Every structure is written in structure tokens, then in C-alpha cells.
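Dear colleague,

Please find below the structure that I am handing over to you. My findings follow directly after it.

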Amino acid sequence: MPPLTRLHNYLSQKESTFAQFIKYVLCGGLSVAVDITIFYLLAWLVLPCLKSGDPVVKILEFLGFTVRHVEPDELIRNF
């Protein structure tokens with residue numbers, strides 16, 4: 001039996017508490033990743049509210065992207 005089929009069979013068991021926990025953790029982690037990604041995309045492109053010390057700003061600048069400098073009053077409004 002291929003490993004993916006074995007994994008699918010194990011995770012489809014409704015009475016296995018450990019399988020339910022694994023699915024809960026995977027779905028929760030995926031939703032957090034999507035939420036953070038959407039937040040930082042909006043904070044960078046739509047309503048600029050990233051500070052220069054933010055780790056995401058450092059990553060974007062390292063990759064060659066530009067991040068607009070935001071004044072403190074605009075930062076408070078946009079955030």
C-alpha cells in the first residue's frame with residue numbers, strides 16, 4: 001500500500017483522537033498562515049502600515065522590493 005493511501009486511511013478515521021488532533025493542528029496552522037499573509041500583503045500594498053523595524057520589511061527589502069515610509073499619524077490611522 002502506498003504511503004499516501006496509508007496516511008489518507010489513517011486521517012479519515014473518525015474515532016482516532018490523535019488523527020483528529022493532527023487535522024486540527026494542520027488546519028489551524030494553515031489558517032494562521034493565510035491570515036498573516038493577507039494581513040502583511042494589505043499592510044504593504046493597500047494601507048501602508050509597516051514600520052522600518054518590522055521583520056517582514058527587512059525580508060521584502062532583502063528581496064529587492066520597496067516599502068513606503070509612513071509618517072506616525074498615517075501609520076496609526078492605517079493600522
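Which residues make a nonpolar surface patch of about 750 Å²? In this predicted model, the patch is formed by L30, V34, I38, L41, L42, L45, V46 and L47. One of its members, L41, lies in helix α2, which covers residues 17-46. L41 is classed as partly exposed because its relative accessibility is 42%, and partly exposed denotes the range between the 20% limit for buried and the 50% limit for exposed.

The second topic is charge pairing. Side chains of opposite charge can pair when their charged atoms come close. How many salt bridges does the structure hold? There are two.

One salt bridge links the side chains of R68 and E74, with an N to O distance of 3.0 Å. R68 has a relative accessibility of 47% and therefore counts as partly exposed.

The other salt bridge is between E74 and R77, whose closest N and O atoms are 4.0 Å apart. Both residues belong to helix α4 (residues 72-78); they are three residues apart there, so about one helical turn separates E74 from R77. R77 is exposed, as its relative accessible area is 61%. Through shared partners, the salt bridges join R68, E74 and R77 into one network.

In summary, the findings are a nonpolar surface patch that includes L41 and a salt-bridge network of R68, E74 and R77.

With kind regards

Technical notes: Residues numbered from 1 in each chain as written. Predicted model: local features only at pLDDT ≥ 70, side-chain atom pairs only at ≥ 80, totals over all residues. Heavy atoms only, no water. Patch = residues over 30% accessible without salt bridge, like charges linked within 9 Å, V, L, I, M, F, W, Y side chains within 5 Å. Areas by Shrake-Rupley, 256 points an atom, 1.4 Å probe, with all protein chains shown as cover. Helix = DSSP H or I, 4+ residues; strand = E, 2+ residues; numbered from the N terminus. Buried < 20%, exposed > 50% of the residue type's maximum accessible area, 1.4 Å probe, protein only.
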